[in-house]
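Colleague: I have this model open beside its sequence and would like to learn how to read it. Could you walk me through the features, one at a time?

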Amino acid sequence: MNVTVLEHPLASHYLTVLRDETTAPADFRRATTSLGGLLAVEATSGLTVAMGSVTTPMGATTGYSLESRVAVVPVLRAGLGLLQPFLDLLPSSAVGFVGVARNHESALPEQYYVNLPDPLATAIVLEPMLATGGSLAWAVDAVKRAGAVQIVCISVVAAPQGIAHMKERHPDIRIITAAIDEGLNDTFYIVPGLGDMGDRLFGTI
Ligand code: URA
């Protein structure tokens, strides 16, 4: 499994805004969108383009058009925070949804909604907090069942335990994250992390 930690001064800056406990939901959403744009550039680096030609006001030259058919799949609900920057770069993508809630006692994923496009070849799965890896592994199972063969998973913060779990369950995928943190606390939150991503995005704290 290929894991990329995004190294970019802007990524470090926006991640710090997200980590700061005093950041209000409106600023938290803006910083998530900005960081998402940087993650989206990295996530799309493997897409294929077809070479053709284009005519500028000065004459003809080589041009390229995107060939890959992509589905962007936010894991509900925190994944919604990253959706818009991906759609800004890939406006013709299909959007699938996977609803998995984490049982706070057992930390096991519980599915409550799945709606994926068909056929689905390349999937970008958005799961901002890769904690135990249970929800993401389950979401990747779902997109594989729907036919995805090339899968990139995007997280904002990952725990070593989640990465290890994904390596075991889905060694064929790529993970891109802005940080790998120390670990998990006894309620399976990432430490130092940024708290509950869904609550902070949607002001439900
Ligand atoms: N989900 C979150 O929102 N935060 C964590 O730290 C772990 C899972």
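Modeller: Gladly. Let us begin with the lining of the largest pocket, which by class has 14 nonpolar, seven polar and four charged residues. Please keep in mind that this is a predicted model.

Colleague: How many residues line the largest pocket, and which lie nearest its centre?

Modeller: The lining has 25 residues, and Ala78, Val100, Arg102, Glu127 and Asp196 are the ones nearest the centre. The space in this pocket is about 490 Å³.

Colleague: Which helices and strands each supply at least two residues of that lining?

Modeller: Three strands do so, β4 (70-76), β6 (97-102) and β9 (129-130), along with the helices α4 and α6 (197-202).

Colleague: And what about the second largest pocket: how much space lies in it?

Modeller: About 190 Å³. It is lined by 14 residues, with Ser68, Arg69, Val70, Ser92 and Ser93 nearest the centre. Sorted by class, that lining has nine nonpolar residues, four polar and one charged.

Colleague: Now to helix pairs. How do I read a crossing angle?

Modeller: Angles under 35 degrees count as roughly parallel, those over 145 as roughly antiparallel, and 65 to 115 as roughly perpendicular, with the rest called oblique. Take helix α1 (residues 9-19) and helix α2 (residues 25-43): their axes cross at roughly 150° and come within 9 Å. That angle makes α1 roughly antiparallel to α2.

Colleague: Is that crossing left-handed or right-handed, and which residues meet there?

Modeller: α1 and α2 cross in a left-handed way. On the α1 side you will find Leu10, Ala11, Tyr14, Leu15, Val17 and Leu18, which meet Phe28, Ala31, Thr32, Ser34, Leu35 and Leu38 of α2. Ten residues of this contact are nonpolar and two are polar, with no charged ones.

Colleague: How does α2 sit against α3?

Modeller: Here the axes come within 8 Å and cross at roughly 50°. α2 is therefore oblique to α3. The crossing of this pair is right-handed. From α2, the contact uses Thr32, Thr33, Gly36, Gly37, Leu39, Ala40, Val41 and Ala43, while α3 brings Gly81, Leu82, Pro85, Phe86 and Leu89. By class, the contact of α2 with α3 holds eight nonpolar and five polar residues, and no charged ones.

Colleague: I noticed Thr32 in both lists. What does Thr32 touch?

Modeller: Thr32 of α2 belongs to the contact with α1, and Thr32 also takes part in the contact with α3.

Colleague: At what angle do α4 and α5 pack?

Modeller: Helix α4 (residues 134-145) and helix α5 (residues 160-169) pack at about 30°, and their axes are 9 Å apart. They are therefore roughly parallel to each other. Their crossing is right-handed. In this contact, α4 offers Gly134, Leu136, Ala137, Trp138, Val140 and Asp141, and α5 offers His165, Met166 and Arg169. Those residues divide into five nonpolar, two polar and two charged.

Colleague: Let us turn to the backbone. Which residues are joined by cis peptide bonds, and how would I spot one?

Modeller: Look at omega. A cis peptide bond joins Leu76 and Arg77, where omega is about 0°. Arg77 is in the loop between β4 and α3 (80-89). Another cis bond joins Val191 and Pro192, again with omega about 0°. Pro192 belongs to the loop between β13 (190-191) and α6.

Colleague: Where does Phe188 lie, and what is its phi value?

Modeller: Phe188 is in the loop between β12 (183-184) and β13. Its phi is near 70°, which is a positive value in a residue other than glycine.

Colleague: Thank you. I will go back to the loops with Arg77 and Pro192 in view.

Definitions and conventions. Residues numbered from 1 in each chain as written. Predicted model: local features only at pLDDT ≥ 70, side-chain atom pairs only at ≥ 80, totals over all residues. Heavy atoms only, no water. Axes fitted to C-alpha atoms, helices over the stretch in contact; angles between N-to-C directions. Helix = DSSP H or I, 4+ residues; strand = E, 2+ residues; numbered from the N terminus. Left-handed = near helix turned anticlockwise from the far one by under 90°. Contact = heavy atoms within 4.5 Å. Nonpolar A, V, L, I, M, F, W, Y, C, P; charged D, E, K, R; others polar. 1 Å grid on protein atoms, 1.4 Å probe; cavity = no way out; pocket = protein on both sides within 12 Å on 5 of 7 lines; lining within 4 Å. Points joined across faces, edges and corners; volume = space filled by probe spheres on them.
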